[in-house]
Amino acid sequence: MRFKYLAGRTMKEIYRDPITVILGVLMPVLLLLLFSTLMGDNELDQFSPDNLLPGIVVFSYAFLTMFSALLLAKDKEQSFLTRLRTSPLRPTDYVLAYTLPYIPIAIVQTFLCMAAALLIGVTISLHMLTVFVILIPTMLVSIGLGLVFGVLLTENQVSAAGSFVLVIASLFSGAWMDLRMIGGVFETVGYALPFAHGVDAARAILAGRGIAGSVIDLVWVLGYAVVLFLVGTVSFRRLLRS
Amino acid sequence: MVEFAITAQGLTKSFKDLVAVDDLDLKIKKGELFSLLGPNGAGKTTTIKMLSTLISPTRGDARLLGYDIKEQRESVRRVTNVSPQENAVAPHLSVRENLVLIGGSYGLERSVINRRCEEYMEMMNIADRAKSQAKTLSGGLQRRLSIAMALITDPEILFLDEPTLGLDPEARRELWKLILGLKGEKTILLTTHYLEEADQLSDRLSIMSGGRIIASGTPDEIKAQFEGKKELTLIGRDFPAEFKSALPYEISQVGERLTLSGAKIDVDRVIELIGLHGVSLEGISMKEPSLEDVYLHLIGKEGER
């Protein structure tokens, strides 16, 4: 349990930087309310509250990629990791310490988006709880991507890559537009990436199609999460030896 | 019999075509403060990284308190700690939290961590800032915190990599006092490119250039090895030509200052000549070669190779 000290530090670094919390937690909520207001009279199914909610939540997780990658890249470049490398911490300790603290933020993001969604017409049901659980793999994908970027990239590269992920998560998750309706490259790329699968899995639950309607999408997202954490752990091991 | 805390034989580190440290031999006694002095790129930090097991040597061996840096890395890490070149502190954590983080990461019990926190915050004069976030501390205080973080594991060997780099003169001298306070309690290997720092702090030092050690000894021994020029400066209104021609040294005059240079200057003979020629003297000063002169001489010679 030696990782708990470093995990505690990660947690404090996040929560003592209010801009991070405001950007990551409040911006998606504001976006949800804004979209709902702008599209209030629009009868397109795409902008119904049940469709908007999963998209916004998945988009909000992309902020976690940026935050987790930035902290790790900074620690790497400012010798903080050099100091820790002489400690008995193992690669898995680092992976846990640099990822677990983002889960509470992701939970708060999801919770606040759901609370805001209630204001715009999503009805309270047990489905909400299921959606919460269904979105966990997507949450892990974003955190895992941050881990990989943080280990492999420099601080400057992380800023660019983080913004890129935000754009990708926005365009290719199907949050604002139906990828199948657009088709072509958008659909192919979108469904090769995990974000659209995360959104579709949650939408299936809210639409009442049950877990069975989400299984394939879940497998995609879980696959990405596992691969990203494996790559992150192996990369960390190499970083610590380099 | 002298007990050595650090011994290294033929320690070498290459990065592709670059030989960063070349065939380095070191013997550092227990409780000694030993400095590696040299310009940027001399191989000082790479040496510390090898000895602290952060990187593996390409060739050669080193033992720290008997533990082999290649075969017994965990044991080496138990008895050493490093204060890296940059501050390497967590900016949003308080001084105490930074110390607890390192103690906890090394698996120390909480009661031990708490006791050592007090002890080392006191020793490094940062106890009054225990609750301040590290980012609010001055550069000098952050450096003291960084050293306290290295001390919290109670290492027998402490590596200080450029501990006063970037600090203002006042903060540097404050830190020197604190480092001198550790002398004898810990074996300290310090890297620096400040000559005065090496001169003031070290029991012994090695000058490094291009990855190799080019001189070793106590600061006085190194100065004595150097047969550089001494300078005797005479201050007066008028130096007669006969007086100047009688002096068997290189002479240069700027206004009222007459400077005599040579490997050996016979001050008694100069004073005798002053009396003989009736020179009216207002002042006299002698400049011995400093560690800086030795350093520049040696580094210059290396550069010519």
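**H1 and H6, chain A**

I started with how H1(A) and H6(A) sit against each other, and they turn out to be oblique, because their angle falls in neither the parallel, the antiparallel nor the perpendicular range. I'm working from a predicted model here. I looked up the numbers: helix H1 covers residues 3-15 of chain A, helix H6 covers residues 102-119 of chain A, and they pack at about 45 degrees with axes 9 Å apart.

Which residues of H1(A) and H6(A) meet? I found A:Thr10, A:Met11, A:Ile14 and A:Tyr15 on the H1(A) side, and A:Tyr102, A:Pro104 and A:Ile105 on the H6(A) side. Sorted by class, I get six nonpolar residues, one polar and no charged ones.

**H3 and H8, chain A**

Next I took helix H3 (residues 49-77) and helix H8 (residues 136-152), both of chain A. Their axes come within 7 Å and cross at roughly 25 degrees. An angle under 35 degrees counts as roughly parallel, so that is what I wrote down for H3(A) and H8(A). I also checked the hand of this crossing, and H3(A) and H8(A) cross right-handed.

The contact list runs on a bit, so I only jotted down part of it: H3(A) brings residues including A:Val58, A:Tyr61, A:Leu72 and A:Lys76, while H8(A) brings residues including A:Met139, A:Gly146, A:Phe149 and A:Leu152. By class, the contact of H3(A) with H8(A) has 14 nonpolar, six polar and one charged residues.

**Aromatic rings**

How many aromatic pairs does the structure hold over all chains? I read off seven.

I looked at A:Tyr94 and A:Phe236 among the pairs. Their ring centres are 5.2 Å apart and their planes stand at 20 degrees, so I call this pair stacked. A:Tyr94 lies in helix H5 (residues 91-99) of chain A and A:Phe236 in helix H13 (residues 215-241) of chain A, so the pair ties together parts 142 residues apart in sequence. Buried or exposed, these two, A:Tyr94 and A:Phe236? Both are buried.

Then I moved to chain B, where B:Phe239 and B:Phe243 make a stacked pair, with 6.3 Å from centre to centre and 20 degrees between the planes. I checked their exposure too. B:Phe239 has a relative accessible area of 6%, and buried means under 20%, so B:Phe239 is buried. B:Phe243 comes out at 0% relative accessibility, so B:Phe243 counts as buried as well.

Last note of the day: back in chain A, I found A:Phe59, A:Phe63 and A:Phe67 forming one aromatic cluster.

Notes. Residues are numbered from 1 along each chain as its sequence is written. Chains are lettered from A and ligands numbered from 1 in the order in which they are written. This is a predicted model: local features need pLDDT of at least 70, side-chain atom pairs count only at pLDDT 80 or more; totals for chains, interfaces and linings use all residues. Side-chain values use heavy atoms; hydrogens and water are left out. Axes are lines fitted to C-alpha atoms, for helices over the stretch in contact, and angles run from 0 to 180 degrees between N-to-C directions. Helices (H or I, at least four residues) and strands (E, at least two) are DSSP runs, numbered from the N terminus. Angles under 35 degrees count as roughly parallel, over 145 as roughly antiparallel, 65 to 115 as roughly perpendicular and the rest as oblique. A crossing is left-handed if the near helix is turned anticlockwise from the far one by less than a right angle, and right-handed if clockwise. Contact means heavy atoms within 4.5 Å. Ala, Val, Leu, Ile, Met, Phe, Trp, Tyr, Cys and Pro count as nonpolar, Asp, Glu, Lys and Arg as charged, and the others, Gly among them, as polar. Rings of Phe, Tyr and Trp (its six-membered ring) pair if their centres lie within 6.5 Å; planes under 30 degrees apart count as stacked, over 60 as edge-to-face and the rest as tilted. Buried means under 20% relative accessible area, exposed over 50%, partly exposed in between (1.4 Å probe, protein chains only).
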